[in-house]
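Please open the model in your viewer and keep the selection panel to hand. The stops below go from one helix outward to the rest of the chain, and each begins with something to select.

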Amino acid sequence: MTTQTAVAAQDAPASRTGGRTEGTTAVSGGATGADQPAADRGRTSIADLVVVKVAGIAAREIPGVYDMGGGLSRTIGAVRDRVPGGRPNVGRGVKVEVGERQTAIDLDLVVEYGVSITDVSRDVRENVISAVERVTGLEVVEVNITVNDVRLPDEEEPPVGTEARVA
């Protein structure tokens, strides 16, 4: 029994690879024919959005991560979360580059005040790598983390759409 894996001439990210549909990565290409084992018949393709969502969910699971994304992204997300029927965007604050067999992930985090940023970053990195590799089968070559803000205990989220009153 042999398993074939789709291999490009170089392991370039999806946006730079000419022969594939942008945003989708083929992680395996099987043989065709009735004489092949059932598990080897056909191809498996993973959309970049899948990697984004898996990484976003895994990062949010770590204690000390308050939110993800930059300031504007979080503001737009807060508006979106308040819209009836709207769902939270688990991919906010996540950027990925996906190649044939590897992926690189960039995360923008907001951490809780008082937690060790290095410990939270390490835990996020480990959890994201584990989840993405387990779910997609892609090798995660790096997870770059940018901490954009610290959530202070006495900070309240400003109500969205409320104008300040001048007395």
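A residue is called buried here when its relative accessible area is under 20%, exposed when that value is over 50%, and partly exposed in between. With that in mind, and remembering that this is a predicted model, begin by selecting helix α3, whose buried residues are Val120, Ser121, Val124, Val128, Ala131, Val132 and Thr136. Because they cover an arc of only 110° around the axis, these residues lie on the same side of α3. Turn to the other side of α3, and there Thr118 and Arg134 are exposed.

While α3 is still selected, display its two end C-alpha atoms: they are 28 Å apart, which agrees with the 28 Å that the 20 residues of the helix should span at 1.5 Å a residue. Just after α3, glycine 137 is worth a look at the backbone, since this residue takes a positive phi of about 80°.

Next, zoom out to the whole chain. The protein has three helices and six strands, and along the sequence they follow the pattern β-β-α-β-α-β-β-α-β. Of its 167 residues, 35% count as buried. Among the contacts with a separation of 6 or more, 65% are between residues 24 or more positions apart.

Now select the members of the largest nonpolar core that touch the most other members. Of the 26 residues in this core, these are Val51, Val94, Ile105, Leu107, Val124, Val128 and Val132. Colouring by element shows where the core comes from, as α1, β3 (65–68), β4 (94–98), β5 (102–112), α3 (117–136) and β6 each supply at least two of its residues. Which element gives the largest share of this core? That element is α1, with six residues. In soluble globular proteins, nonpolar side chains tend to be buried together.

To see one member in its surroundings, centre the view on valine 132. Which residues is valine 132 in contact with, once its neighbours within four places in sequence are left aside? They are Val51, Val54, Ala55, Thr103, Ile105, Gly137, Leu138 and Val140, so that the list includes glycine 137, the residue with the positive phi just after α3.Move on to helix α1 (residues 48–60) and select isoleucine 57, which lies within it. At 43% relative accessibility, isoleucine 57 counts as partly exposed. Add glycine 91 to the selection, and draw the distance between the two C-alpha atoms: the residues are 34 apart in sequence, and the separation in space is 7.9 Å.

The following stops concern charged side chains, and the structure holds four salt bridges. Select arginine 92 and aspartate 67, whose side chains meet in one of them at 3.1 Å, N to O. This pair links distant parts of the chain, with arginine 92 in the loop between α2 (71–82) and β4, aspartate 67 in strand β3, and their positions 25 residues apart in the sequence. Are the two partners buried or exposed? Both count as buried, because the relative accessibility is 10% for arginine 92 and 16% for aspartate 67.

Return to α3 for a second group, and select Asp119, Arg122 and Asp123, which are linked in a network of salt bridges. The side chain of arginine 122 meets that of aspartate 119 at 3.1 Å, N to O, and that of aspartate 123 at 3.4 Å, N to O. Arginine 122 and aspartate 119 are separated by about one helical turn, because they are three residues apart in helix α3. Each member of the network is partly exposed: arginine 122 at 41% relative accessibility, aspartate 119 at 36% and aspartate 123 at 30%. Side chains of opposite charge can pair when their charged atoms come close.

For the last stop, select strand β6 (residues 139–151) and go to arginine 151, which is found in that strand. Arginine 151 counts as buried, because its relative accessibility is 15%. Show tyrosine 66 as well, and a polar contact of 3.3 Å appears between the side chains of arginine 151 and tyrosine 66.

Terms used: Residues are numbered from 1 along each chain as its sequence is written. This is a predicted model: local features need pLDDT of at least 70, side-chain atom pairs count only at pLDDT 80 or more; totals for chains, interfaces and linings use all residues. Side-chain values use heavy atoms; hydrogens and water are left out. Helices (H or I, at least four residues) and strands (E, at least two) are DSSP runs, numbered from the N terminus. Buried means under 20% relative accessible area, exposed over 50%, partly exposed in between (1.4 Å probe, protein chains only). A polar contact is a pair of N or O atoms within 3.5 Å; within protein, one must be able to donate a hydrogen and the other to accept it, and residues adjacent in sequence count only if both atoms are side-chain atoms. A nonpolar core is a set of buried Ala, Val, Leu, Ile, Met, Phe, Trp, Tyr and Cys residues joined through side-chain atoms within 4.5 Å. Contact means heavy atoms within 4.5 Å. The expected span of a helix is 1.5 Å times one less than its number of residues. The arc is that of the directions from the helix axis to the C-beta atoms.
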